[in-house]
Amino acid sequence: MKAIALENAFGIENVRVIERPDRKAGIGEVLLKMKAWSLNYRDLLVAKGLYNPKLKLPFVPLSDGVGEVLAAADGVTRVKVGERVAGCFMQRWMTGEPTEAGAKSALGGAIEGLAAEQVVLHEDGVVGIPAHLSDAEAATLPCAALTAWNALVTQGHIKAGDTVLIQGTGGVSIFALQFARLLGARVIVTSSSNTKLDRVKKLGASDGINYKETPNWEEKVRELTGGAGVDHVVEVGGAGTFNQSLKAVRLGGRISLIGVLAGKGDVNLTPILMKSVCVQGIFVGSREMFEAMNRAIALHELRPVVDRVFDLKDIQAALKHMESRAHFGKVCIAIK
Ligand SMILES: NC(=O)c1ccc[n+]([C@@H]2O[C@H](COP(=O)([O-])OP(=O)(O)OC[C@H]3O[C@@H](n4cnc5c(N)ncnc54)[C@H](OP(=O)(O)O)[C@@H]3O)[C@@H](O)[C@H]2O)c1
């Protein structure tokens, strides 16, 4: 069978299609015929050797994929042959608080990922996907969607009438926009592109701010909220945007610290205490959260925003497209 591997060295140019032996499921495991995958910013970091420079190569990347159950070995009760399932980002974080074991079981990072035609996973590490979704749409859920869900719903407890600030229009951010709207919140989005800001308004954002044209976007956010600031910030920029997020959030508001897209910066901690801001670190989510999110997605027939679907053999082009930041929502891969 074909697989994608980071071969002998780091770099997008070293992510190649290779041949690997066919897989067989052991007790309690399922064999999946993979259908589609989605890319996350982390996959770029892994490919470039920036996520874990000590990663042993060759390494099969990608945390997010959807497949059909081809075979269910003895002891499997949670899924049936023929069912479409997604792998859980953390194979061993089922419920409750994050655990060490969970963190060490993250696909495409701590352990090998799903970028292969055949994959074997423990039955506990997969979830059924909403029936209305295509394979590519469903492949967007395990990391980006679940991270946004955990930030805003599980830990964030946002409610109708809240105002949420979302940075950029990448995978996590567009899911955050969709979930915030689902729950009746007002959404303000920042982006480097006016075309993308037009698109977020069609998805229900009330306001867009171009962070290139308005570098002091936090002032605009305060103006748009009558001087009060937002209830919740989805912080995908990290240290490079955090001080501005602290100015944009209201007294007693919340910041979900998720990403590192804006690079380094000197963070001023004082406003966190002076404004009683709750800063919550988010690391994707558990299987229980994934299942709760899927129920909401199915009930509301929510459709993930897929930017482009690349063929498996064009993995390098897909990674480069993501690197270019031209995308809106999720970049996917499928066997065409
Ligand atoms: N903690 C976790 O569990 C977790 C899970 C998933 C992702 N992450 C992290 O979250 C971040 C987003 O991941 P992703 O996969 O959604 O990335 P992505 O799809 O590659 O997002 C890229 C987009 O982010 C926006 N962006 C970049 N720099 C920005 C800045 N300075 N200010 C505002 N927006 C900016 C840009 O949007 P525009 O083109 O609109 O400007 C860009 O197109 C990454 O750092 C990733 O590592 C963390």
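How do the residues of the shell around the ligand divide into nonpolar, polar and charged? The legends below take up this question and then move to other parts of the predicted model.

**View 1. The shell around the ligand mixes nonpolar, polar and charged residues.**
In this predicted model, 13 residues of the shell are nonpolar, twelve are polar and two are charged. The ligand has 27 residues around it. Those that come nearest are T169, S191, Y211, I282 and V284. Two helices take part in the shell: α4, residues 141–154, and α5, residues 171–182. Each of them supplies at least two residues.

**View 2. Polar atoms of K196, I258 and I282 lie within a few ångströms of ligand atoms.**
K196 places a polar side-chain atom 2.8 Å from an oxygen atom of the ligand. I258 and I282 take part through the backbone instead. A polar backbone atom of I258 is 3.1 Å from a nitrogen atom of the ligand. For I282, the distance from a polar backbone atom to a ligand nitrogen is 2.6 Å. On its own, the ligand has 930 Å² of accessible area, and the protein covers 92% of that.

**View 3. The largest pocket holds the ligand.**
This pocket is where the ligand sits. Its volume is about 1,000 Å³. The lining counts 40 residues, and Y41, V236, G259, V260 and L261 are the closest to the centre of the pocket. By class, the lining of the largest pocket has 19 nonpolar, 15 polar and six charged residues.

**View 4. Helices and a strand help to line the largest pocket.**
The elements that each supply at least two lining residues are α1, α4, α5, β9 and α11. Strand β9 spans residues 186–191, and helix α11 spans 315–323. Which element gives the most to this lining? It is α1, with five residues. Helices α4 and α5 also each supply at least two residues of the shell around the ligand.

**View 5. The second largest pocket takes the largest share of its lining from strand β6.**
About 320 Å³ of space lies in this pocket. Of its 19 lining residues, R23, E112, G113, V119 and V120 are the closest to the centre. Strand β6, residues 118–122, provides five residues of the lining. The lining of the second largest pocket divides into eleven nonpolar, four polar and four charged residues.

**View 6. One cavity of 30 Å³ or more is found in the structure.**
The largest cavity has a volume of about 40 Å³. Rolling a probe the size of a water molecule over the atoms shows where such empty space is left. L6, V15, D43, V46, A47, P61, L62 and L319 form the lining of the largest cavity. Seven of these residues are nonpolar, none is polar and one is charged. Helix α1, residues 41–48, gives the most to this lining, with three residues. Helix α1 also gives the most to the lining of the largest pocket.

**View 7. A cis peptide bond joins L57 and P58.**
The omega angle of this bond is about 0°. Most peptide bonds are trans. P58 lies in the loop between α1 and β4, a strand of residues 64–72.

**View 8. V284 has a positive phi.**
Its phi is near 45°, in a residue other than glycine. Most residues other than glycine have a negative phi. Where is V284 found? V284 belongs to the loop between β13, residues 278–281, and α10, residues 287–299. V284 is also among the residues that come nearest to the ligand.

Terms used:
Residues numbered from 1 in each chain as written. Predicted model: local features only at pLDDT ≥ 70, side-chain atom pairs only at ≥ 80, totals over all residues. Heavy atoms only, no water. Near = heavy atom within 4 Å. Polar contact = N/O pair within 3.5 Å; in protein donor to acceptor, adjacent residues only side chain to side chain. Areas by Shrake-Rupley, 256 points an atom, 1.4 Å probe, with all protein chains shown as cover. 1 Å grid on protein atoms, 1.4 Å probe; cavity = no way out; pocket = protein on both sides within 12 Å on 5 of 7 lines; lining within 4 Å. Sits in = over half its atoms within 2 Å of the grid points. Helix = DSSP H or I, 4+ residues; strand = E, 2+ residues; numbered from the N terminus. Nonpolar A, V, L, I, M, F, W, Y, C, P; charged D, E, K, R; others polar. Points joined across faces, edges and corners; volume = space filled by probe spheres on them.
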